[in-house]
Amino acid sequence: MPEVVLTLVGSRPETPSVRSFFFESSPPASWSAGQYLMLRMEAPGDPRGPSRMFTISASPSEPRIMITTHVANRSPFKERLASLEFGTPLKGRVPMGTFILHEPGPRRAVFLAPGIGITPFRAIARQATDADLPHEILLLYSCRTPEEIVFRRDLEIMEEDNPRFRTVVTITRAEESKERWDGPTGHIDAAFVRKHAGSLDDAVVYVAGPPSTVEGLLRVVEELQVPKDRVRAERFTGY
């Protein structure tokens, strides 16, 4: 977990409330898709102090480090991050974590992603696509409204480029959207997983997101009787 200098070089909106930030690392950082970093920045008035953990939402096959986070209802830390000028250097540590794709074999991967929990799965799917990995990957992704589908175009492109990658998005508050939604609605529950993933006897199941949401999805996975040694969880503690 070496210390690096992360220089902000760009940003882009993903949804009305979520934004991605791009960094160049000196020295160049190495990471595996699904890992995270620690970013250090003084943010006066933030009770949680000057450090935050962020999933690296970029694949190692991409040229820059990317983090993706909510910017609505911001903490002082995120408010400062959103206001930084391009070229600003920050201290960081890269990489951290063990939430990575299992080795190739007979087992497919099933990802359960609530909201911002999509971030490590975007990186893993991008790496699997770029490296032509043999894994069969199914992403089950829930968002409040269609407007809040993070990485919407990225996911569409990866599905076009990778015949082994498939996404099913379900919307939990379609009535709040201005966009018509004809796809699945409701939360990710056992019935939804059974319908779209079928039997999980041949799957490794991955869950990521805020702790309370992850715990709820782990109860779903338990209801589906997936052995614990085939379940991976990443909790965005303090997100």
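Me: How many of the 12 residues of helix α2 are buried?
Reply: The model is predicted, and helix α2 covers residues 119–130 in it. Among the buried residues of α2 are Pro120, Phe121, Arg122 and Ile124. The helix is mostly covered, and the number of buried residues is 10.

Me: What distance does α2 reach from its first C-alpha to its last?
Reply: Helix α2 has 12 residues, and at 1.5 Å a residue the expected value is 16 Å. The distance in the model is close to that expectation, at 17 Å.

Me: Which residue with a positive phi follows α2?
Reply: Helix α2 comprises residues 119–130. The residue that follows α2 has a phi near 55°, and this residue is Asp132.

Me: How many aromatic pairs does a search of the whole structure find, and is the pair of Phe99 and Phe121 stacked or tilted?
Reply: The search of the whole structure finds 5 aromatic pairs. In the pair of Phe99 and Phe121, the ring centres are 5.8 Å apart and the planes stand at 55°. Stacked rings need planes under 30 degrees apart, and edge-to-face rings need over 60. The angle of 55° falls under neither heading, so this pair is tilted.

Me: Where do Phe99 and Phe121 lie, and how many residues apart are they?
Reply: Phe99 belongs to the loop between β6 and β7, whereas Phe121 belongs to helix α2. Both Phe99 and Phe121 are buried. The pair links distant parts of the chain, with a separation of 22 residues.

Me: Why does the pair of Phe111 and Phe121 count as stacked?
Reply: The ring centres of Phe111 and Phe121 are 4.4 Å apart. Planes under 30 degrees apart count as stacked. The pair is therefore stacked because its planes lie at 15°.

Me: Which parts does the pair of Phe111 and Phe121 tie together?
Reply: Phe111 and Phe121 are both buried, and they are 10 residues apart in sequence. Since each lies in its own element, the parts tied together are strand β7 and helix α2.

Me: Which Tyr joins Phe99, Phe111 and Phe121 in one aromatic cluster?
Reply: Phe121 pairs with Phe99, and Phe121 also pairs with Phe111. One aromatic cluster holds these three Phe residues together with Tyr206.

Me: Over the face of which residue does Arg122 lie?
Reply: Arg122 is one of the buried residues of α2. At 5.7 Å from the ring centre, Arg122 lies over the face of Phe151.

Me: Which residue in β2 is the bridge partner of Thr7?
Reply: Strands β1 and β2 pair in the antiparallel sense over 8 bridges, and a hairpin of 4 residues joins them. Within this pairing, the bridge partner of Thr7 is Glu24.

Key: Residues numbered from 1 in each chain as written. Predicted model: local features only at pLDDT ≥ 70, side-chain atom pairs only at ≥ 80, totals over all residues. Heavy atoms only, no water. Pairing = 2+ DSSP bridges. Helix = DSSP H or I, 4+ residues; strand = E, 2+ residues; numbered from the N terminus. Expected span 1.5 Å × (residues − 1). Buried < 20%, exposed > 50% of the residue type's maximum accessible area, 1.4 Å probe, protein only. Phe/Tyr/Trp six-rings, centres within 6.5 Å; stacked < 30°, edge-to-face > 60°. Lys NZ or Arg CZ within 6 Å of the ring centre and 35° of its normal.
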